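Work through the exercises below with the sequence and the model in view. Each task is followed by a solution in steps.

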Amino acid sequence: MPDWLFAKSQDATKKTDSEAPDHLDLAQESLDALINDSRVPESVRESLRQDYEEVQAMLDRLEHGHLHIAVFGRVSVGKSALLNALLGKPRFRTSPLHGETTRAERDHWQEYEDGGVFLIDTPGINEVDGEAREQLAREVAGRSDLILFVVDSDLTETEIQALTDIAAMHRPIILVLNKVDRYSPAERETLLESLARHADGLVDRKNIVTASADPAEQLVIRVDEEGAEKEEWRRPEVDVSQVKERLWDILQTEGQTLAALNASLFASNLSDKVGERILQARRELGQKLIRNYCATKGVAVALNPVPIADLVAAAVVDVSMIVHLSRLYGLPLTRNEASDLIRTIGAQMLLLMGTVWAVHFTSSALKLGSGGLSALLTGGAQGAVAYYSTWVVGQAAERYLAQGKSWGEGGPKLVVREILDNIDRDSILQQAKQDIQARLQRAG
């Protein structure tokens, strides 16, 4: 180990040492909770299988004190060459051709002895027809503890966007200006200033460093003692000292904390994904449940010639639907609570769709006034209207439950209004007629 690295290993501040175990314990608890949560349906767990495998890998990394450093950047900026220079061996393939790296690869950085540090090579982010490779690179970056973002000139729009995306993941970034052997000292300073300006707010200024990972051969003219000139090609020395020094500073002071933070962030993101998938699954089941109750109510109302019985049947069906929905969302409601919820929704519906309710009650009056003879004419239409109203009630109740028994800032009126504004009334009524007819045919 070089003397300056050994000195840093001995003298680095330990201010985060006492904090790291707490961070690690919390991160491990978060990951353990995700893996062992029995409430997560198997279908959701399977749909996120790769993420769960990554959770297990992160637990192993935390247990063994491993850190992952990913290199990121456009094709041909020298990412693989930089990692080879850090490793001191040609581990990763390099080529003058674009897209030499087609998948993520990693190797152990032996030079850093305090724990296992692994360097990860990734595909270029701007490979032609390489969307899958770019996605892979972003995924690897999102799961790594530290990012080496490599450029070979000023930042392009593509690089600025990628840098912004990674910064949003809350990963520490070292911005490496590689191939500095191509530039004069003045050009180098100009580039560094421009990089600092474009990366302002995304990368700490002290994390912008230079490297010459694979210097190009230079034509050198030598003059001998007799004044004769002789041309020869010479390859300058590899220089990645600034990258090494900055890496060591960060790893010594923040290494374990970074690993714990990354694991906690990943656990939080996965927890959100799990929640979204569970909610999606509940919504799909909820929509089937609502449609079933709509058809049940539509048939009951269409076949019953007594108006009062119509209303009683409607209330019973709606209450049962909301109680069933509440259990589906893990927020069980009593029948009284469900009735109160229906009254709240119904009051807003009465204000916003009075015409529809007028049709409903007009149909009921026609039934009564004709002694039931008009039921054949009005029952189907009334059943469709009942189906429609229960559909709206179901959508509003599901929104309320999905938000944790909350109407949100706008209250129930806004929720019902949004549902009515976005619903295709004709489509629902047509569906109502089809479902009611299908039920009647099965009953017949």
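Helices (H or I, at least four residues) and strands (E, at least two) are DSSP runs, numbered from the N terminus. The model used here is predicted.

**Exercise 1. Describe the chain as a whole.**

Step 1. Count the elements: the chain has 15 helices and eight strands.

Step 2. Turn to burial. Of the 444 residues in the chain, 45% are buried, where buried means under 20% relative accessible area.

Step 3. Look at the surface. About 23100 Å² is exposed by the chain, and carbon and sulfur atoms supply 51% of it.

Step 4. Check how contacts spread along the sequence. Taking contacts between residues at least 6 apart in sequence, 72% join residues at least 24 apart.

**Exercise 2. Determine how strand β3 is covered and how strand β1 pairs with it.**

Step 1. Strand β3 spans residues 117-121, and five of its five residues are buried.

Step 2. Sort the residues by face. In a regular strand the side chains alternate between the two faces of the sheet. In β3, one side holds Val117, Leu119 and Asp121, and the other holds Phe118 and Ile120. Both faces of β3 are covered.

Step 3. Find the partner. Strand β1 (residues 67-73) is joined to β3 by four bridges, and the two run parallel. Within this pair, Ala70 stands opposite Ile120 in β3.

**Exercise 3. Compare the span of helices α8 and α14 with the expected values, and list their buried residues.**

Step 1. Helix α8 (residues 185-198) has 14 residues; its first and last C-alpha are 20 Å apart, close to the 20 Å expected.

Step 2. Its buried residues are Leu191, Leu192, Ser194, Leu195 and Ala196. The cover over the buried residues of α8 includes β4 (146-151), β5 (173-177) and β6 (208-210).

Step 3. Helix α14 (residues 411-422) has 12 residues and reaches 17 Å, close to the 16 Å expected. Buried in α14 are Gly411, Pro412, Val415, Val416, Ile419 and Leu420.

**Exercise 4. Which residues of the largest nonpolar core touch the most other members, and which helices supply at least two residues each?**

Step 1. The largest nonpolar core has 36 residues, and Met321, Ile322, Leu341 and Ile345 touch the most other members.

Step 2. At least two residues of this core come from each of α9 (241-303), α10 (307-328), α11 (335-352), α13 (375-402), α14 and α15 (425-443). The largest share, 10 residues, is that of α13.

Step 3. Not counting residues up to four places away in sequence, Leu341 touches Ile322, Leu333, Ala397, Tyr400 and Trp407.

Step 4. A second, separate core has 26 residues, including Ile69, Leu86, Val176 and Ile250.

Technical notes:
Residues are numbered from 1 along each chain as its sequence is written. This is a predicted model: local features need pLDDT of at least 70, side-chain atom pairs count only at pLDDT 80 or more; totals for chains, interfaces and linings use all residues. Side-chain values use heavy atoms; hydrogens and water are left out. The expected span of a helix is 1.5 Å times one less than its number of residues. Buried means under 20% relative accessible area, exposed over 50%, partly exposed in between (1.4 Å probe, protein chains only). Contact means heavy atoms within 4.5 Å. A nonpolar core is a set of buried Ala, Val, Leu, Ile, Met, Phe, Trp, Tyr and Cys residues joined through side-chain atoms within 4.5 Å. Accessible areas come from the Shrake-Rupley method with a 1.4 Å probe; for residues, only the protein chains shown count as cover. Two strands pair if DSSP finds at least two bridges between them.
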